[in-house]
Amino acid sequence: MVDGIINVYKEKGYTSHDVVAKLRGIFRQKRIGHTGTLDPDAEGVLPVCLGKATKACGMVTEKDKVYQAVLLLGKITDTQDITGTVLSECQVLCSQAQVEKAIASFVGGYAQVPPMYSALKVNGKKLCDLARAGIEVERKPREVVIYSIQIEEVFLPKVQMQVHCSKGTYIRALCHDIGEKLGCGGCMESLVRLRAAGFELKDSFRLGEIEARVRAAREANPQGELTRESLEGLVNGTDVIFRHYPKASVKPEFAKLLHNGNRLRPEWMEAWGRAYESSPLRVYDERQIFAGIYQWDGERMDIRPIKIFA
């Protein structure tokens, strides 16, 4: 079984679940999961976890993301993007300066109402399923953060922009809200995810490339087991998404305790400093094999496991 994370370029026409299903066939293993849904017509970075790395799926979705989007003003649809049924159209009379001012006003925290066409659940039912059945329910606004919006090009009624945002942000809803503020309505015409969990678009692999690399690795060693090492450069170690945490290692005699997920004592570590007490830690054994994420426990004066991957 291959363990690690692949930076997949999700192409248009695929759902995130389609990507996972395709990869299960390519790698011939079931334990695969994606780290955040992209709409079928959206494209771009989709980190996918394989094997033991699937334990990190929930931790990856907590990260901020960067998108490139095209906002189309003057049109409102039921899905808040160009694929939906048009509910109303309006002539765009606002100036470029007014558009730029409206967009800039969304930088910071704001309460965003999730779209009806989304995978969020209300009373155990997905909003998108209710929407397809013609049922609209009240959605509670959720606090999201827009860290920055860089306007790349204005060609009214369209605006191309790059959005850096927190988890849980719907760019479709942002486009809708900008159009509403301008009084002419708006929807999202296109969306590309440029960055997620530290993975960049320029380093991503399309499904066809992944399939070719895996096939070549199997042909090169038909009797051997497919491993992350045999797919060098394709599959990242799980620890890559935690690179912002300090790194710590245990002494050789305590490696078994580490891999079994036990709490650790500071004196069992190769080195220990007070800086380690203020942040989660990436912990490795004496061979520098990543074992898991640990956190200092000030009450018990030891290091407790948060998530074990070994």
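In the predicted model, the crossing of helix 3 and helix 5 is right-handed. Helix 3 spans residues 96–104 and helix 5 spans residues 171–182, and their axes come within 10 Å, crossing at roughly 130 degrees. Angles of 65 to 115 degrees count as roughly perpendicular and those over 145 as roughly antiparallel; helix 3 and helix 5 are therefore oblique to each other. On the side of helix 3, the contact is made by Q98, V99, A102 and I103, and on the side of helix 5 by I178, K181 and L182. By class, five residues of this contact are nonpolar, one is polar and one is charged.

A second helix pair is formed by helix 1 (residues 16–27) and helix 6 (residues 207–220), which pack at an angle of about 15 degrees with their axes 10 Å apart. Because angles under 35 degrees count as roughly parallel, helix 1 and helix 6 are assigned to that class. The crossing of helix 1 and helix 6 is likewise right-handed. In this contact, V19, K22, L23, I26 and F27 of helix 1 meet L207, I210, E211, V214 and R218 of helix 6. The residues involved comprise seven nonpolar and three charged, with no polar residue among them.

Attention now turns to the strands. Strands of a sheet pair through backbone hydrogen bonds, in either a parallel or an antiparallel sense. Strand 4, residues 65–73, is mostly covered, with eight of its nine residues buried. Strand 4 pairs with strand 11 (residues 158–165) through eight bridges, and the two run antiparallel. Within this pairing, V66 of the one strand stands opposite H164 in strand 11. Strand 4 also pairs with strand 12 (residues 186–196), again in the antiparallel sense, over nine bridges. Here L71 stands opposite M188, the latter located in strand 12.

Strand 12 also contains V192. With a relative accessibility of 15%, V192 lies under the 20% limit and therefore counts as buried. The C-alpha atoms of V192 and Q68 are 5.2 Å apart in space, although the two residues are separated by 124 positions in sequence. When neighbours within four places in sequence are left aside, V192 is in contact with E43, G44, V66, Y67, Q68 and L201. Among these partners is V66, the residue that stands opposite H164 in strand 11.

A further sheet involves strands of higher number. This open sheet consists of four strands in the order 14-15-16-17, and its pairing is mixed. Its edges are strand 14 (247–249) and strand 17 (302–308), each of which pairs on one side only. From one strand to the next, the twist averages 40 degrees. Strand 15 (residues 281–284) and strand 16 (residues 290–297) run antiparallel and are joined by four bridges. The bridge partner of R282 in strand 16 is I293.

Definitions and conventions:
Residues numbered from 1 in each chain as written. Predicted model: local features only at pLDDT ≥ 70, side-chain atom pairs only at ≥ 80, totals over all residues. Heavy atoms only, no water. Buried < 20%, exposed > 50% of the residue type's maximum accessible area, 1.4 Å probe, protein only. Pairing = 2+ DSSP bridges. Axes fitted to C-alpha atoms, helices over the stretch in contact; angles between N-to-C directions. Left-handed = near helix turned anticlockwise from the far one by under 90°. Contact = heavy atoms within 4.5 Å. Nonpolar A, V, L, I, M, F, W, Y, C, P; charged D, E, K, R; others polar.
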